[in-house]
2 protein chains.
Amino acid sequence: MARDAAVKTAPPASAISDATLREFTGYNMKRAFMVIQADVTRTLEPFGLRMVTYSALAIVGDNPGLSQTQLAAALAIERPNLVVIVDELEGRDLVNRDRVPTDRRTYALRLTTEGARLLARATEAVRGHEARMIKGIGKADEATLIACLNQIEASDTGRS
Amino acid sequence: MARDAAVKTAPPASAISDATLREFTGYNMKRAFMVIQADVTRTLEPFGLRMVTYSALAIVGDNPGLSQTQLAAALAIERPNLVVIVDELEGRDLVNRDRVPTDRRTYALRLTTEGARLLARATEAVRGHEARMIKGIGKADEATLIACLNQIEASDTGRS
DNA sequence: TATTGTTATACTCTATAACTATA
DNA sequence: TATAGTTATAGAGTATAACAATA
């Protein structure tokens with residue numbers, strides 16, 4: 001290690017600046033989201049769930065009977081990638097793939113009793129995670145935060 | 001297609017609810033960040049930069065002479081993954097790997113003249129992206145947004 | 001013995017093309 | 001012909017172990 005009095009040729013590890021990037025909302029959001037993602041991953045682990053499988057359960061719970069294509073669109077993932085996710089949830093008897101008599105191409109996705117129970121328990125745990133994350137933020141600021149996030153989301157040009 | 005008057009067995013594609021997930025800051029943040037990420041990716045494409053390569057340029061610009069280990073820590077990526085990123089930037093003559101006489105194990109990373117020029121031009125473009133993203137959000141709310149994001153980031157327990 | 005940069009490797013996530021069965 | 005679900009596959013992004021050079 002160089003002595004304290006040595007000529008500084010490089011910043012010490014503790015003093016690396018990200019001033020240029022801190023100017024941008026997106027950078028601050030990415031850093032904040034990394035913390036949230038790490039915590040929610042730990043939160044869901046005891047239930048054998050990942051962010052995407054928990055989200056899938058929540059969407060199916062809110063929309064019983066929806067199709068895999070609809071679920072993929074709601075989760076903003078491609079249909080092929082959803083197949084393995086539903087396979088996993090069905091294999092654990094958390095969701096059912098019910099046949100639709102009027103259109104034998106599609107499945108109607110529904111939570112099983114166990115799926116609904118696990119979703120309820122996991123949602124309680126995620127509420128605990130949420131409380132940890134926004135601890136120290138007042139109600140008014142929290143409302144402003146959500147409103148800003150939704151405004152940014154709505155600014156999507158959809159250009160592809 | 002089922003007729004309009006048919007018994008509704010599944011919600012129409014346009015009416016899928018994510019009410020349960022909307023309760024959570026992390027979900028709203030993920031949706032907002034996906035929009036930001038898509039737009040900034042398009043913004044940086046003309047410069048031949050990705051989010052991570054732009055971020056690397058910005059950090060090197062703010063901290064001339066820092067090591068690869070320090071840069072990796074600042075970007076929150078693993079050292080092995082940084083090597084290929086610096087390889088790419090060095091190959092395009094945007095950054096230099098200068099030898100450090102006092103410690104021949106480390107490189108001192110610095111922007112080349114062209115690297116500094118590209119960083120400046122890209123940063124201007126990212127400012128335009130930023131303006132698009134927060135259009136419609138007032139100055140006060142923007143300050144609250146940043147403060148909330150930083151508060152959430154600071155809530156990191158660091159538990160690993 | 002510890003650290004920097006590196007290689008090799010593997011695992012997850014995501015994206016696309018093409019197939020089947022139904023409509 | 002078009003759509004739902006599926007398969008196969010390829011490309012990112014990310015993570016760990018182990019090595020050579022140097023401290």
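A polar contact is a pair of N or O atoms within 3.5 Å. The model used in these exercises is predicted.

**Exercise 1.** Find which residues come nearest to DNA strand D, and how the protein meets its phosphate oxygens.

*Solution.*
Step 1. Take the 17 residues around DNA strand D. Gln68(A), Thr69(A), Arg105(A), Arg50(B) and Arg104(B) come nearest.
Step 2. Look at the phosphate oxygens. A side-chain N or O atom of Gln68(A) is 2.7 Å from one. For Arg50(B), a polar side-chain atom also lies 2.7 Å from a phosphate oxygen of the strand.
Step 3. Check the backbone. Tyr107(A) places a backbone N or O atom 3.2 Å from a phosphate oxygen of DNA strand D.
Step 4. Apply the 3.5 Å cut-off. The distance for Gln68(A) falls within it.

**Exercise 2.** Describe the protein surface near DNA strand D by helix and by class.

*Solution.*
Step 1. Helices 4 and 5 of chain A and helix 5 of chain B each supply at least two residues.
Step 2. Helix 5 of chain A gives the most, with three residues.
Step 3. Sort by class: eight charged, five polar and four nonpolar residues.

**Exercise 3.** Characterise the interface of chain B and chain A.

*Solution.*
Step 1. Count contacts: 67 residues of chain B touch 67 of chain A.
Step 2. Give the buried area: about 5900 Å², with 61% from carbon and sulfur atoms.
Step 3. Add the pairings. There are six salt bridges across the interface. Arg31(B) and Glu153(A) form a salt bridge at 3.9 Å, N to O. Polar contacts join 16 residue pairs, both residues at pLDDT 80 or more.
Step 4. Find the main contributor on chain B. Helix 2 of chain B gives the largest share, 14 residues.

Conventions:
Residues are numbered from 1 along each chain as its sequence is written. Chains are lettered from A and ligands numbered from 1 in the order in which they are written. This is a predicted model: local features need pLDDT of at least 70, side-chain atom pairs count only at pLDDT 80 or more; totals for chains, interfaces and linings use all residues. Side-chain values use heavy atoms; hydrogens and water are left out. A residue is near a molecule or strand if one of its heavy atoms lies within 4 Å of it. A polar contact is a pair of N or O atoms within 3.5 Å; within protein, one must be able to donate a hydrogen and the other to accept it, and residues adjacent in sequence count only if both atoms are side-chain atoms. Helices (H or I, at least four residues) and strands (E, at least two) are DSSP runs, numbered from the N terminus. Ala, Val, Leu, Ile, Met, Phe, Trp, Tyr, Cys and Pro count as nonpolar, Asp, Glu, Lys and Arg as charged, and the others, Gly among them, as polar. Contact means heavy atoms within 4.5 Å. Buried area is the accessible area (1.4 Å probe) that two parts lose on being put together, summed over both. A salt bridge is a side-chain nitrogen of Lys or Arg within 4 Å of a carboxyl oxygen of Asp or Glu.
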